[in-house]
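User: I have a model open and would like to go through its rings and helix packing. Could we take it piece by piece?

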Amino acid sequence: KARANANMYEEWIKLLNDLGFDWAPMSKGGNFSDMLKKRPSSFFEGKWDSHYKDLCKFHEENGHCYVFRNGDNTTLAGWVHCQRKQKKLLDDGKHSQLNQQRIELLNKIGFDWRPSESGGIERLRSPERNLEWDQLFEKLKEYKEQTGHCSPKKKVPKIGNWVSGQRRLWARNQKGETTTLTEERVAKLQSIGFEFSSANDESASADDDFSVYSDADC
């Protein structure tokens, strides 16, 4: 039995040797983790063309390359994120698996390498967010008709936090920052008697729950 096991192990060793298995990677000097990073990954090399074709199809159907992690697009969204990470490594002078040919292919379909800086995603979402803002404004008008004022408490569903958000955006505007609170929106709020500086705004406290409606959402 021992001899049979030895023969089996020898066979395994031979198979690994035939594949070019490196039994002592550290003996050749250098950093093992760096060596692993330089090995082409199957995700990046073997599937790049396939994912690129998927992105081209997505672009044709949607008119942009902003892929969100939902439904059937989770894998493609992860790949898109990976391209941006690899591009940053390249820009920083570090080893990257993204070459110039692939960069040009992505540029050809309008790929946005830094959406947070370009504002591309915000522009894409702006029609939806404008509609949301208008709907909340109408709810605030209804609230004023019922109560006579535009300062709902924090516990009032949706508009309590939203009103706090508008005041915070207005305060940032006063500091010279650019926010989603436009002059048009300021005028609409003022037209119904909204006060941007309110001593009764309990949501201005540090522990205010502002997770539902933030600057990015409105």
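User: Which residues form one aromatic cluster with Trp 48?

Analyst: Trp 48 forms one aromatic cluster with Tyr 52 and Trp 79. Rings of Phe, Tyr and Trp (its six-membered ring) pair if their centres lie within 6.5 Å; planes under 30 degrees apart count as stacked, over 60 as edge-to-face and the rest as tilted. Please note that this is a predicted model, in which local features need pLDDT of at least 70 and side-chain atom pairs count only at pLDDT 80 or more, whereas totals for chains, interfaces and linings use all residues. Residues are numbered from 1 along each chain as its sequence is written, and side-chain values use heavy atoms, with hydrogens and water left out.

User: How many aromatic pairs does that rule give?

Analyst: The count is seven aromatic pairs. One of them joins Trp 48 and Tyr 52, and it is stacked, at 5.2 Å centre to centre with 15° between the planes.

User: Where do Trp 48 and Tyr 52 lie?

Analyst: Both belong to helix 4 (residues 48-62), where they are four residues apart, about one turn of the helix. Helices (H or I, at least four residues) and strands (E, at least two) are DSSP runs, numbered from the N terminus.

User: Are Trp 48 and Tyr 52 buried or exposed?

Analyst: Trp 48 and Tyr 52 are both buried. Buried means under 20% relative accessible area, exposed over 50%, and partly exposed in between (1.4 Å probe, protein chains only).

User: What kind of aromatic pair do Phe 111 and Trp 113 form?

Analyst: Phe 111 and Trp 113 are edge-to-face, with 4.6 Å centre to centre and 65° between the planes. Both of these residues are buried. In addition, the charged end of Lys 87 sits over the ring of Trp 113, 5.5 Å from its centre; the criterion is NZ of Lys or CZ of Arg within 6 Å of the ring centre and within 35 degrees of the ring normal.

User: Back to helix 4. At what angle do the axes of helix 4 and helix 6 cross?

Analyst: They cross at roughly 15°, and the axes of helix 4 and helix 6 (residues 100-108) come within 11 Å. Axes are lines fitted to C-alpha atoms, for helices over the stretch in contact, and angles run from 0 to 180 degrees between N-to-C directions. Helix 4 and helix 6 are therefore roughly parallel to each other; angles under 35 degrees count as roughly parallel, over 145 as roughly antiparallel, 65 to 115 as roughly perpendicular and the rest as oblique.

User: Which residues meet there?

Analyst: Trp 48, Tyr 52 and Leu 55 from helix 4 meet Arg 102, Leu 105 and Leu 106 from helix 6. Contact means heavy atoms within 4.5 Å.

User: How do helix 8 and helix 10 pack?

Analyst: Helix 8 and helix 10 (residues 183-191) pack at about 15°, with axes 11 Å apart. That makes helix 8 roughly parallel to helix 10. Residues in the contact include Trp 133 and Phe 137 of helix 8 and Leu 189 of helix 10.

User: What about the whole chain: how many helices and strands does it have?

Analyst: The protein chain has ten helices and zero strands. Buried residues make up 30% of its 218 residues.

User: What is the phi of Lys 158?

Analyst: Phi of Lys 158 is near 65°, a positive value in a residue other than glycine. Most residues other than glycine have a negative phi. Lys 158 lies in the loop between helix 8 (120-147) and helix 9 (159-174), and at 49% relative accessibility it counts as partly exposed.
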